[in-house]
Amino acid sequence: MTAASLRHACMMALLLAFAAPASAHAVNAEMQRASISLASKGVAASAAGDTARARRLFEEAIVADPANAHALSRLGLLYAAKGEAATARKYFHFALEVEPTEPDALLGAGRLDLADGKADEARDRLRILSVACPACEQTKELSRALEAGSNAAAASQSPIPAPTPQNHP
């Protein structure tokens with residue numbers, strides 16, 4: 001199976017999975033374990049810089065279990081890193097549909113919100129992260145990104161010039 005046909009098969013499985021009734025989302029324990037294992041290998045491949053392998057492993061994990069929010073969000077992070085924001089946003093959306101508090105999906109979507117100038121949406125995602133996982137690195141990272149964005153916005157505003165003395169004749 002070529003990479004392109006595998007990617008197509010994964011996308012079709014993903015789309016069919018989310019279009020199917022909730023009862024169809026159930027997968028057996030063996031498939032869930034396989035999906036978790038594939039996603040873990042994808043994380044390791046991503047950390048090693050092998051993004052092509054990581055993408056393939058995340059896609060396989062999603063085929064094994066379309067409700068693997070972690071694999072969906074990690075695939076979104078890969079696409080975001082490649083600058084493919086629209087595709088990344090779709091994967092974050094799918095992940096948050098499955099698990100509304102998935103930290104990587106909230107972080108990734110929050111970063112994209114900030115890049116799009118939607119700080120309020122990013123703050124909403126940070127609120128969810130703060131409740132669901134206050135000590136998570138994703139919470140801290142999104143908080144820092146929001147703070148950096150606020151500081152950059154404040155610095156870019158020109159201050160009101162101080163009045164200068166006028167010479168009167």
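Visitor: What pattern do the helices follow along the sequence of the protein chain?

Guide: Reading along, you get α-α-α-α-α-α-α-α. Keep in mind that this is a predicted model. The tally for the protein chain is 8 helices and 0 strands.

Visitor: How much of the protein chain counts as buried?

Guide: Of its 169 residues, 33% do. To count, a residue has to be under 20% relative accessible area. As for contacts with a separation of 6 or more, 51% of them join residues 24 or more positions apart.

Visitor: Let's go into helix H4. What makes Ala69 buried?

Guide: Ala69 lies in H4, and its relative accessible area is 8%. The cut-off is under 20%, so Ala69 is on the buried side of it.

Visitor: Which residues is Ala69 in contact with, leaving aside its neighbours within four places in sequence?

Guide: Ala95, Val98, Glu99 and Glu102. There's also a C-alpha separation to look at: Ala69 and Tyr91 are 22 residues apart along the chain, and their C-alpha atoms are separated by 9.0 Å.

Visitor: Why can you say H4 is largely enclosed by the rest of the structure?

Guide: Because 10 of its 13 residues are buried. The buried ones are Ala69, Ala71, Leu72, Ser73, Arg74, Leu75, Gly76, Leu77, Leu78 and Tyr79.

Visitor: And how far does H4 reach from its first C-alpha to its last?

Guide: 18 Å for 13 residues, which is close to the 18 Å expected at 1.5 Å a residue.

Visitor: How do you know that the span of helix H5 agrees with what it should be?

Guide: Count first: H5 covers residues 85-98, so 14 residues. At 1.5 Å a residue they should span 20 Å, and the end C-alpha atoms are 20 Å apart, so the two agree. As for burial, the H5 residues that qualify are Ala88, Tyr91, Phe92, Phe94, Ala95 and Leu96.

Visitor: Now the packing. At what angle do H4 and H6 pack?

Guide: About 30°, with the axes 8 Å apart; H4 is residues 69-81 and H6 is residues 103-115. Angles under 35 degrees count as roughly parallel, so H4 is roughly parallel to H6. The crossing is left-handed.

Visitor: Which residues of H4 and H6 make that contact?

Guide: From H4 you have His70, Ser73, Arg74 and Leu77, and from H6 there are Asp104, Ala105, Gly108 and Arg111. By class that gives 2 nonpolar, 3 polar and 3 charged.

Visitor: At roughly what angle do the axes of H6 and H7 cross?

Guide: Roughly 160°, and they come within 8 Å; H7 is residues 119-132. Over 145 degrees counts as roughly antiparallel, which means that label fits H6 and H7. Their crossing is left-handed.

Visitor: Which residues of H6 and H7 meet?

Guide: On the H6 side, Pro103, Leu106, Leu107, Ala109, Gly110, Asp113 and Leu114; on the H7 side, Ala119, Glu121, Ala122, Arg125, Ile128 and Leu129. Sorted by class, the contact has 9 nonpolar, 1 polar and 3 charged residues.

Visitor: How closely do the axes of H2 and H4 come, and at what angle do they cross?

Guide: They come within 10 Å and cross at roughly 25°. With the cut-off at under 35 degrees, H2 is therefore roughly parallel to H4. This crossing is left-handed. Ala39, Val43 and Ser46 of H2 touch His70, Ala71, Arg74 and Leu78 of H4. The classes come out as 4 nonpolar, 2 polar and 1 charged.

Visitor: What about Gln138: buried or exposed?

Guide: Its relative accessible area is 17%. Set that against the under 20% cut-off, and Gln138 is buried. You'll find Gln138 in helix H8, residues 137-156. Setting aside neighbours within four places in sequence, Gln138 contacts Pro103, Asp104, Leu107 and Leu129.

Visitor: One last residue. Why is Asn28 called partly exposed?

Guide: Asn28 has 46% relative accessibility. Buried would need under 20% and exposed over 50%, so Asn28 lands in between as partly exposed. Asn28 is in the loop between helix H1 (3-19) and helix H2 (29-47). Its C-alpha atom is 8.9 Å from that of Asp65, with their positions 37 residues apart along the chain given as the separation.

Methods: Residues are numbered from 1 along each chain as its sequence is written. This is a predicted model: local features need pLDDT of at least 70, side-chain atom pairs count only at pLDDT 80 or more; totals for chains, interfaces and linings use all residues. Side-chain values use heavy atoms; hydrogens and water are left out. Axes are lines fitted to C-alpha atoms, for helices over the stretch in contact, and angles run from 0 to 180 degrees between N-to-C directions. Helices (H or I, at least four residues) and strands (E, at least two) are DSSP runs, numbered from the N terminus. Angles under 35 degrees count as roughly parallel, over 145 as roughly antiparallel, 65 to 115 as roughly perpendicular and the rest as oblique. A crossing is left-handed if the near helix is turned anticlockwise from the far one by less than a right angle, and right-handed if clockwise. Contact means heavy atoms within 4.5 Å. Ala, Val, Leu, Ile, Met, Phe, Trp, Tyr, Cys and Pro count as nonpolar, Asp, Glu, Lys and Arg as charged, and the others, Gly among them, as polar. The expected span of a helix is 1.5 Å times one less than its number of residues. Buried means under 20% relative accessible area, exposed over 50%, partly exposed in between (1.4 Å probe, protein chains only).
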